[in-house]
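Here's a quick briefing to read alongside the structure. Have a look at the model first, then work through the points below.

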Amino acid sequence: MKRTKISDIFAAPALDTTVDVMGWVRTRRGNKYVQFVALNDGSTIRNLQIVFDMSRFSDEQLKPVTTGSSIHVRGKLVESQGKGQSVEVQAEELTIFGTADETYPLQKKGHTLEFLREKAHLRPRTNTFGAVLRVRSALAFAIHKFFQDKGFFYLNTPLITASDCEGAGAMFQVTTLPLNDLPRTDDGAVDYSRDFFGKPTALTVSGQLEGELGATALGAIYTFGPTFRAENSNTPRHLSEFWMIEPEMAFYDITDNMDLAEEFVKYCIRYALDTCRDDIEFLAEHYDKELIGRLEGVLKQDFVRLTYTEGVEILEKSGRKFEFPVHWGTDLQSEHERYLVEEHFKRPVILTDYPKDIKAFYMKQNPDGRTVRAMDVLFPTIGEIIGGSEREADYGKLLQRIEELDIPMKDMWWYLDTRRFGTVPHSGFGLGFERLVLFVTGMTNIRDVIPFPRTPNNAEF
Ligand code: 4AD
Ligand code: MG
């Protein structure tokens, strides 16, 4: 079909030419002489005004043109007479693709985000979700561009796996065994040799371990794919299915890793500000007046770098009463992370050298015997946006940690081979894609930055 995108019209209006616009009607108003339709085609937050001269159209023709209906208008693009828009289309021909009666749920503006979550199949047609989804798409492109321009290779790691990278045990099992009639071994255990893969498998919580195989061959790789966590966390920052970007680099120490992480997130934010200005301005106006200032603030400042131990000291001395008390050895909660970022330093913080007992087995052990070379990047409004580390490159130390934590060797032999054969210092991190989209859009609930959120008790659509 010959279609003129509304975004192209606004970008470079070819006045006095004929255009063919197709989209969904947001509103129609007017009188018996003239009718105005606000048309949106998803290409931009901006609606195009269509003017129907009622000496050329009948009431019957316009009647089905209601909120939510889909139409094709051929007409002339002209400078607008009215205020509120620069150009408009004088309709010459009207085709109706599909009507939408009064049961269309998005009749008026101003629905709550909670209401729209229940209408997630239609919410992309709202201004807010159109904006969020366009920003999300731009950020995904920025991520590929950043790494491709740096010579990183895009590596696809498996979604079905037998190893629990983060060791948290929060995995979704994948099985084709009949759950109401499980095959058993002689001692009564489930007989996984009869399962599809001949052993227990689950959806991945991270592509990192396979990413390390790629990095120690190609030099530098990144993954960008879905990850799954079966934690029962009902928070505005956790999803059961989320997307993660995991770069992994040979010959990088923790400082190189921090430099890359900082450059990377700043690049993504800059890219969104440069390419999605209309959408971000819309979101700022409607949801978060401080959004653009906050985004630009992050770009201007160097991130603070300090150790977990120093961070905990600041929290302890703060005199603040936290919901979760904090002392050396505890995992930080988002209230602690946000205190450091929003109140103490007033800029993003990279916290390093966490206690080894609260971090995963693969992190490089420090000489002090109690901390590991971890790094978490903490952001205003979000808390942890990136988690990463320098990896333990020493075969003996890694093996010892795997044994200490009772991780089954049948899952780890291939990973250990990277340290047995040509081991190198290497590092990497994981950026939670939805947390980045949250930060850039100013939304406050992670369910509102992914088209179809999966959370405990919710797998609708
Ligand atoms: O800190 P995490 O668990 O680190 C890893 O998975 C490492 N394997 C990454 C690496 O070094 N390659 O997760 C990384 C990031 C977090 O900082 C957070 O932004 C996001 O993933 N994340 C989640 N996002 C949404 N919902 C969840 N349930 C998330 N869990 C982690
Ligand atoms: Mg983490």
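By class, how many nonpolar, polar and charged residues does the shell around ligand 1 have? The split is nine nonpolar, eight polar and eight charged. Keep in mind that this is a predicted model. The bullets start with the ligand and then move on to two helix pairs.

**Around ligand 1**

- There are 25 residues around ligand 1, and the ones that come nearest are Glu166, Gln208, Arg229, Glu246 and Glu384.
- Three strands each put at least two residues into the shell: strand 11 (241-250), strand 15 (383-390) and strand 16 (426-432).
- Strand 15 is the top contributor here, giving five residues to the shell around ligand 1.

**Polar contacts and cover**

- Glu384, one of the nearest residues, has a polar side-chain atom 2.6 Å from an oxygen atom of ligand 1.
- Arg391 also uses its side chain, with a polar atom 2.9 Å from a ligand 1 oxygen.
- For Gly387 it's the backbone that matters: an N or O atom there sits 3.3 Å from an oxygen atom of ligand 1.
- On its own, ligand 1 has 620 Å² of accessible area, and the protein covers 93% of that.

**Helix 7 with helix 8**

- Helix 7 (residues 277-287) packs against helix 8 (residues 291-300) at about 120°, and their axes are 8 Å apart.
- Because of that angle, helix 7 counts as oblique to helix 8.
- On the helix 7 side, the contact is made by Arg277, Ile280, Glu281, Leu283 and Ala284, while helix 8 brings Leu291, Ile292, Leu295 and Glu296.
- Sorted by class, this contact has six nonpolar residues, three charged and no polar ones.

**Helix 9 with helix 10**

- The axes of helix 9 (residues 308-317) and helix 10 (residues 334-345) come within 11 Å, crossing at roughly 75°.
- That crossing angle is why helix 9 is described as roughly perpendicular to helix 10.
- Gly311, Ile314 and Leu315 are the helix 9 residues here, and they meet His336, Tyr339, Leu340, His344 and Phe345 of helix 10.
- In this contact, the residues divide into five nonpolar and three polar, with no charged ones.

Note on methods: Residues numbered from 1 in each chain as written. Chains lettered and ligands numbered in written order. Predicted model: local features only at pLDDT ≥ 70, side-chain atom pairs only at ≥ 80, totals over all residues. Heavy atoms only, no water. Axes fitted to C-alpha atoms, helices over the stretch in contact; angles between N-to-C directions. Helix = DSSP H or I, 4+ residues; strand = E, 2+ residues; numbered from the N terminus. Parallel < 35°, antiparallel > 145°, perpendicular 65-115°, else oblique. Contact = heavy atoms within 4.5 Å. Nonpolar A, V, L, I, M, F, W, Y, C, P; charged D, E, K, R; others polar. Near = heavy atom within 4 Å. Polar contact = N/O pair within 3.5 Å; in protein donor to acceptor, adjacent residues only side chain to side chain. Areas by Shrake-Rupley, 256 points an atom, 1.4 Å probe, with all protein chains shown as cover.
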